[in-house]
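Colleague: I would like to learn how to read a model of this kind, beginning with the surface and moving inwards. Could we take one feature at a time?

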Amino acid sequence: MKSPRNNTTIIAAVLAVIVALVTFIGLVTVGLGGERGMGMPTDGGYFLQAAATPVMENLTTVHNMVFYWISGITALVMALMVFIMIRFREKANPVPSKTSHNVLLEVVWTIAPVLVLLFIAVPSMQLLYFQDKLPETEMTVKAVGNTWNWSYSYPDAENVEEIISNPLDKATADTLDLPYLFVTDAALVVPVDTNVKVLVTSLNNMHSWTVPSFGIKMDAVPGIINETWFRVTREGTFYGQCSEICGIKHYFMPIEVQVVSKEAYAAWVANDGVFPAQYKQYITEKTVKGSLALNTTSMGSGQSAAQK
Amino acid sequence: MVALPGENISVEPSGYADDDKPKFFQRWFYSTNHKDIGTLYLIFGIISGLIGGFLSYMMRMELAAPGIDVFDSEHQYLVYVSMHGLIMIFFMVMPALIGGFGNWFVPIMIGAPDMAFPRMNNLSFWLLPTALICLLISFVMPGTATEGYDVATNGFGGSWVMYPPLSTTGHPGPAFDFIIIGLLAAGFSSIFGAINFITTILNMRAPGMTIHKMPLFAWSVLVTAFLLLLALPVLAAALFMLFTDRIAGGTGFFDPARGGDPQMFQHLFWFFGHPEVYIMILPAFGIVSHIISTFSKKPIFGYLGMAYAMVAIGVVGFVVWAHHMYTVGMDVNLKAYFLAATLVIAVPTGVKIFSWLATMWGGSIRFSIPMQWALAFIFLFVVGGVTGVMLANAGVDAYLHDTYYVVAHFHYVLSMGAVFGIFAGFYYWFGKMFGVQYNKWLAGAHFWFFFIGVNVIFFPQHFLGLNGMPRRYIDYPEEFAIWNQVSSFGAQITLVGVGFFFAMLFVSLVVQRKKVGDNYWGEGATTLEWTLSSPPPYHQFNTLPRIEDNAEH
């Protein structure tokens with residue numbers, strides 16, 4: 001009678017350990033590996049988008065740290081369940097014990113999670129304050145949510161007209177081979193390696209100004225001006241999508257940020273918000289065909305009557 | 001959890017079972033009997049679940065591929081999103097867990113003949129169909145337009161959170177007024193129910209049934225009732241403020257143009273909304289505790305810890321609400337507080353998980369259908385719980401807020417937590433409630449299709465969220481296509497599971513009708529409902545049972 005039961009214990013323990021390892025290693029390798037999009041999601045991706053700002057780098061670190069903990073906890077519970085379900089099934093353990101208290105055990109499983117949470121809370125708080133406390137910013141942009149587009153203005157550069165950023169419709173986006181539901185007819189232009197303060201507000205419904213690669217999501221609330229900041233460490237185009245339900249075209253008011261070199265930005269501002277010819281690498285096909293894009297957008301998106 | 005001495009078996013006088021039941025209409029429409037009302041609640045929950053499930057199935061079909069194929073208008077999709085949330089929360093989970101199982105088993109478990117206020121109990125129930133009808137009417141009422149019947153403007157598409165200004169100036173039509181009225185009715189129903197449960201549990205326990213001997217399900221309903229009583233008036237107030245804000249020339253509580261503040265609505269809403277999620281999960285905790293104990297043939301481990309963990313969850317649940325609104329532009333110190341408070345919730349929840357595992361440790365486990373649901377509940381609740389720890393971090397939440405990661409998280413704790421708790425309880429008490437046992441094969445098929453289906457639906461949604469897909473989008477970029485397709489395939493699997501559920505109901509209740517005895521689960525089932533016949537007599541405990549001092553919980 002004794003040996004088969006010992007065998008059950010061993011088999012259960014071995015299986016439990018295997019399940020725990022497979023779960024943990026699986027979660028961590030799958031969860032933290034994988035291709036990551038820069039400035040936009042990657043096809044079929046299953047991880048955070050790549051970081052373009054120090055905030056997002058920090059955010060990714062905290063996410064990964066928490067991810068190790070929660071994968072470990074999931075693996076532990078899974079292993080315990082596997083062990084219990086094999087070792088203490090009716091056949092293997094016909095006579096149940098009557099234990100119903102163990103003060104030490106109960107104290108341990110109350111204290112242990114507290115310690116884990118402290119490990120999580122400290123870096124998490126650091127991230128929160130880093131993200132939320134604005135450093136000395138060098139310039140300001142204002143993002144205003146409207147139903148359903150974003151408009152950007154530059155309080156520091158009054159000669160640059162307000163940018164109204166409408167999404168391109170599918171036909172135009174496909175013609176230009178640009179990502180539909182991300183691309184707009186006019187992006188927010190900011191310089192690289194610069195601390196930019198973003199003021200976010202809304203004209204009517206709530207919206208949320210979001211750029212995943214920047215680690216930014218800031219609600220646009222009517223009557224309130226929220227502020228946040230970013231410092232993009234590389235040039236390129238970064239996309240985001242409105243992240244607070246705002247009505248019919250909620251899915252159709254993307255955010256596009258074009259990050260250019262400091263000189264190009266200075267020239268862009270000096271030239272009233274248009275890139276001079278020598279910065280032709282920043283002049284996209286879309287900008288050239290801007291008239292086409294604008295026409296189709298205003299016809300296609302139907303954003304006029306429904307809200308009013 | 002009360003191990004009863006033998007004397008309780010003969011408390012029912014002979015000839016007691018054929019008490020005169022009222023005729024059909026009186027019995028089911030004027031009903032004041034807690035068991036009949038419980039059954040009505042369960043039937044109501046199943047009907048609402050079908051409506052809410054249909055809405056979500058249509059959403060999944062729309063999202064199966066990029067582009068807008070299934071819905072006629074973007075607005076209609078948002079209406080489905082909003083109504084799915086409202087119906088599943090207020091008309092499926094709450095009625096099934098609190099109204100259904102609470103009504104059925106709380107009086108029996110504490111040894112009471114009925115609820116304290118049977119007529120108010122009847123009112124509680126009948127307010128709910130009224131409320132649901134109001135919500136269904138709102139589907140065909142003008143929403144974003146003030147008049148005219150057009151699928152592109154009918155119904156309310158502002159999500160279950162109903163944030164103004166989208167729910168005030170954004171939806172000037174009467175559709176949202178119907179929702180306000182419906183939710184107020186449902187809220188009053190819950191408040192009456194809560195008063196009833198608190199009174200019943202505090203005053204009508206059988207002699208010897210001290211509060212520390214009370215079964216954990218009764219504990220969970222007691223805590224839930226207090227949460228309802230404190231949280232729902234806040235929702236009612238917030239809804240009423242919305243109502244008056246919506247009137248032209250009315251108030252301006254949430255209108256910045258008149259000195260109001262739209263963020264204030266979010267604070268009010270989530271002050272209700274966060275306790276609400278515990279309202280939905282605590283009764284499931286209670287049910288799972290009984291099932292784990294019964295099928296391990298062991299008393300519950302750490303009974304007092306389990307009971308007070310629920311109290312702790314209830315108390316802390318009231319001071320963490322703003323973690324739903326980290327991105328709304330709160331002060332950083334406030335966010336830091338809510339971050340810390342939210343992490344604290346993980347401690348009592350961990351106590352519950354580990355106590356369930358310890359209950360099974362050393363037990364003699366039988367894997368009957370209810371036990372399968374309960375084991376799945378524990379595991380899936382852990383998965384949903386740990387992603388909650390991730391989301392609690394305000395910094396990381398700036399990335400994950402309002403993405404599919406959140407959708408995956410709360411469906412793991414609700415669609416797999418609360419709903420698995422409902423099914424676990426349903427199969428556990430099936431024989432007790434209906435006097436006949438479920439068909440094992442069909443019930444097993446239901447479990448496996450459902451278990452696999454919901455995991456296939458919701459696990460890939462973590463990936464979508466991490467990759468950046470926002471919630472409440474009818475159309476999405478190509479990059480999100482693969483995992484959405486997988487997720488929608490999971491909806492098909494789940495649909496098969498739902499089919500097996502109804503086949504199980506039909507075969508078990510109509511075709512087979514396998515009669516069961518008083519205590520068909522055997523030695524592990526020790527609460528008072530197992531001392532009664534199956535189904536219990538129309539009026540039980542005419543002579544109150546007496547719980548001995550040495551009885552274990």
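Colleague: How much area does chain A expose, and what share of it do carbon and sulfur atoms supply?

Modeller: Bear in mind that this is a predicted model. Chain A exposes about 13400 Å², and 63% of that area is supplied by carbon and sulfur atoms. Turning from the surface to the interior, buried residues account for 55% of the 308 residues in chain A.

Colleague: What does the secondary structure of chain A come to?

Modeller: It comes to seven helices and 10 strands. The radius of gyration of chain A is 26 Å, well over the 19 Å that the globule rule gives for 308 residues, and therefore the chain is more spread out than a compact globule. Along the principal axes, the C-alpha atoms of chain A fill a box of roughly 90 × 40 × 40 Å.

Colleague: In what order do the five strands of the open sheet in chain A run?

Modeller: The order is 3-2-1-5-8, and the pairing is mixed. Strand 3 (163–165) and strand 8 (226–230) of chain A stand at the edges with a single partner strand each, so one side of each has no neighbour in the sheet. From one strand to the next, the twist averages 25 degrees.

Colleague: In which sense do strand 1 and strand 2 of chain A pair, and over how many bridges?

Modeller: Strand 1 (residues 139–146) and strand 2 (residues 149–153) of chain A pair in the antiparallel sense, over five bridges. Within strand 2 of chain A, Ser151(A) is the residue that Val144(A) stands opposite.

Terms used. Residues numbered from 1 in each chain as written. Chains lettered and ligands numbered in written order. Predicted model: local features only at pLDDT ≥ 70, side-chain atom pairs only at ≥ 80, totals over all residues. Heavy atoms only, no water. Pairing = 2+ DSSP bridges. Helix = DSSP H or I, 4+ residues; strand = E, 2+ residues; numbered from the N terminus. Axes fitted to C-alpha atoms, helices over the stretch in contact; angles between N-to-C directions. Rg over C-alpha atoms; globule rule 2.2 N^0.38 Å. Buried < 20%, exposed > 50% of the residue type's maximum accessible area, 1.4 Å probe, protein only. Areas by Shrake-Rupley, 256 points an atom, 1.4 Å probe, with all protein chains shown as cover.
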